[in-house]
Structure formats: C-alpha cells, structure tokens
Amino acid sequence: MRDYRREFSDFSPVTYLDCAYQGPFPRVTVDRLYRAIELKSRPDRLKAPEYFGLPQRVRGSFARIAGAQPEEIALTTSATQAIGIVAAGLKLDAGDEVVVASSNFPSNLFTWLNLRRKGVTVKVVRPAQDEVTLDQVAAVLTPRTRVLALDWVNYCTGYRLDLAAFGSLIHERGGIFVVDGTQGVGGNPVNLPALPVDAMACAAYKMLLGPYGTGFAYVARNLLPQLDIPVINWYSVVGADDFDSLPKEDFTLIHDARVFDAGETGNFINLHGLEASLEFVEGVTVKEVNTHCRGLLRRLEEGLRARGYLLSEASTPGHESTILGFRASTQEATAELHRRLAANQIEVSLRHRMIRVSPHVYNDEADIDRLLAIA
Ligand SMILES: Cc1ncc(COP(=O)(O)O)c(C=O)c1O
C-alpha cells in the first residue's frame, strides 16, 4: 500500500488528527508554491496561457470532485463568499423566508441572518440534540420559504446529513437547497447534479488540502437564471483573455457559474498550490481518502466505546464522514481529556464541548492507538 505519510511534512512528535481545522499541504503543493513564488519574482515568466489557463484547470478539478461540469463551478476565496453569491443573488425581500440550522458553521448562518435587515424572515432551527432533523425543518417550512441552508457535514460532530432527503423536502415546497460542503467535500464521494442541491459552498483548505483563501461555489444550471450579479468581474466577460483589445462599454457576460468567480481569479500563487493539492486528492481518489479515514475512525469508535465515551451521531450508519466527535460523561471530563491529549502532543479540536477527531491519509492506526492510550 502507498505510504501517504511520506508525502507530507514530518509531524513527529506531534500526532495531527485535526484536518477539520486545517488540512496540511502535501509536499507536492509546497514544491509548487515555491515555483509560484519564483513566478512572482520573475513576472516575465508569467505568460498569458498560464494566467488564464490555471483557473480553468482548477475549476475542472473541483468539478470532477463534485461530479459537476466546470460551467457549474465558480472559484471563490471562501465558503462565505460562495454562500453570499446565492444570498445576495436571490434578491430576497420582506415576505420571503429562509430556514437555517443553529448547528451550521457561521459561514452558513450570518449571511442569511444579515438578510433580516431587509425584512427577510430567517428561521433558525435549533436541534434538540446535536443534529437537525427532517421533522424539525418540515415544521417551519411555509409556501414563502425560498431557501433551506444547511451544512453537509457538521463541523463539530462529523454527522453527514442526508442531502437527498432534505433537498427533496424543500424542493417539494418550491424552495431551493443551499449546502455548505466544506467539511464533506474531498472526504466523501459526491455527485451533486444527481442530488436535489441547488448550490454548494466549499472552502478548500480542509479535506482538499488547499491553501487558505480558496474554494468554490457549485451553482446548478436551474438556479443560475434566478441569480442577480451584483459585482462584475472583468475576468468573467467574453474576450477578457485578449489583453490587446479588452471589451469596454459593450461587454458580454459569460452565461454560466464562472460569472461569479472571485476578483483576481488568476491568483497564481494560491491557485498553483491549490492545483497541486487537488491533483494529489484526485490521484489518491476521494473514495480512497474516505475508505482510509473511515477505517481509522472505526478503530477509534471501538476503542472509545470500550472506554465508555459517548459518540456523536456521526457513528450512525449512513451518516458517517471523515470526522468524529465524542464526549466524556461530563463537560469537565471532556475538557480535561482535551488538555491531556494536547499535553501529549495529540492535536484534535474541542468544539462545542465535544472532542473532534479528523484524520486524513497521512494518519495511520498507530495515531489512533496513541490517542486511545491517553483516553
Ligand atoms: C462547515 C464549515 N464551513 C465553512 C468554514 C470556513 O468558512 P470560510 O471559508 O467562509 O472561512 C468552516 C471552517 O471551519 C466550516 O467548518
């Protein structure tokens, strides 16, 4: 079997099990970034085909990972920006309703809550336990509900939501389904066009191992015509690649998701690194990332159960991901375990009174056993 650990920096003596916080660069990404920095110190070598071709190659990679077409992908600098494309683009107004869950990461909350300033009714569903349920959402939907916005994989517990079930629920009532996929994409295979998902936001610095400040928005073809374009990126007009005669007053917008690309789209430093990371993930394959991480987390689940810890619902069949949250019997005991793990250089996160473990392919069974030896 391929020794993935050698393809990353040496973490020893640290055991890094916190990819849900920051995915580390594979060595190939570090090398590529050095080359990108050289390009900036010698811009004479940065030619137009590189400048315009790189975003398209990255877009193609995102599209393959999401099961989508490149025309359905906008390059963004964050999940927040991707959600903003839809939240601003829909031009919601007084009388419109949006439904979100309090368990969403703030990227998928604040942009929606901000619409209250315009008179939009934003309903926040508060899960009774940790996860939002279909019944809870169904109970607050009305004929005025335009948007249901949820996270695919819960950033604390690792619970993977049933996109088909929640998407169908809102579609049956005529609304659209917006999903933050940041903690899911790259670790769980997905085929977005086959799902009732109208838009997905994703930051690329976690399971996709990309640089901070990169990500994408998936905009389904049926949603595109409903979205206003508040900001025109000069890069997203027909003929933008012809520096010699750039369009001026009579420009034509590109008629697909590329029209929402972040400004300075050809950010060659970040995108070079991102391209290498995405090539790495595609080379390993998302399926293999998932199989590897799930194997490790199953080992962890068994060990934690045997020691009496309480596992999150991410251990429920059909809802697993590459993240697992767990608790000790009391909040103090959970915090104390987190301190002990940190003292033993085992890097995991404490999120909403839960310890969150999130491996990637550089982790192995010995990492899990080191954690269990302390727990
Ligand atoms: C589910 C989820 N969405 C988004 C983000 C980050 O979002 P942004 O790219 O807007 O900073 C995180 C970060 O932890 C997250 O867990």
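These legends walk through four views of a predicted model.

**View 1. The whole protein, with its 10 helices and 13 strands.**
Start here to get your bearings. The radius of gyration is 21 Å, close to the 21 Å that the globule rule gives for 375 residues, so the protein is as compact as a globular protein of that length. The C-alpha trace spans about 70 × 55 × 30 Å along its principal axes. Buried residues account for 45% of the 375 residues. Of the contacts with a separation of 6 or more, 73% join residues 24 or more positions apart.

**View 2. Where domain 1 touches domain 2.**
The domain assignment gives domain 1 as 7–24 + 285–374 and domain 2 as 33–282. Their C-alpha centres lie 28 Å apart. How many residues of each domain are in contact with the other? Domain 1 contributes 26 residues, and these are in contact with 23 residues of domain 2. On the domain 1 side, look for α8 (286–306), β10 (324–327) and β13 (354–357), each of which supplies at least two residues. Helix α8 gives the most to this side, with 5 residues. By class, the side of domain 1 that touches domain 2 has 10 nonpolar, 11 polar and 5 charged residues.

**View 3. The residues that surround the ligand.**
Following the chain, you meet Ser78, Ala79 and Thr80, then Phe105 and Ser107, as parts of the shell around the ligand. Asp151, Tyr155, Asp180, Thr182 and Gln183 also belong to the surroundings of the ligand, as do Ala203 and Gly215. How do the residues of this shell divide into nonpolar, polar and charged? The shell holds 4 nonpolar, 6 polar and 2 charged residues.

**View 4. Helix α6 (residues 163–172), with its buried and exposed residues.**
Which residues of α6 are buried? They are Leu163, Phe166, Gly167 and Ile170. These buried residues cover an arc of only 100° around the axis, which puts them on the same side of α6. Turn to the other side of α6 and you will find Ala164, Ala165 and Glu172, which are exposed. What do the buried residues of α6 pack against? Their partners are α5 (134–140), β5 (145–151) and β6 (176–180). Gly174 follows α6, and the phi of Gly174 is positive, near 85°.

How values were computed
Residues numbered from 1 in each chain as written. Predicted model: local features only at pLDDT ≥ 70, side-chain atom pairs only at ≥ 80, totals over all residues. Near = placed C-beta within 6 Å. Nonpolar A, V, L, I, M, F, W, Y, C, P; charged D, E, K, R; others polar. Helix = DSSP H or I, 4+ residues; strand = E, 2+ residues; numbered from the N terminus. Rg over C-alpha atoms; globule rule 2.2 N^0.38 Å. Buried ≥ 20, exposed ≤ 12 C-beta atoms within 10 Å, placed from the backbone. Contact = placed C-beta atoms within 7 Å. Domains from an automatic or database assignment. Arc of directions from axis to C-beta.
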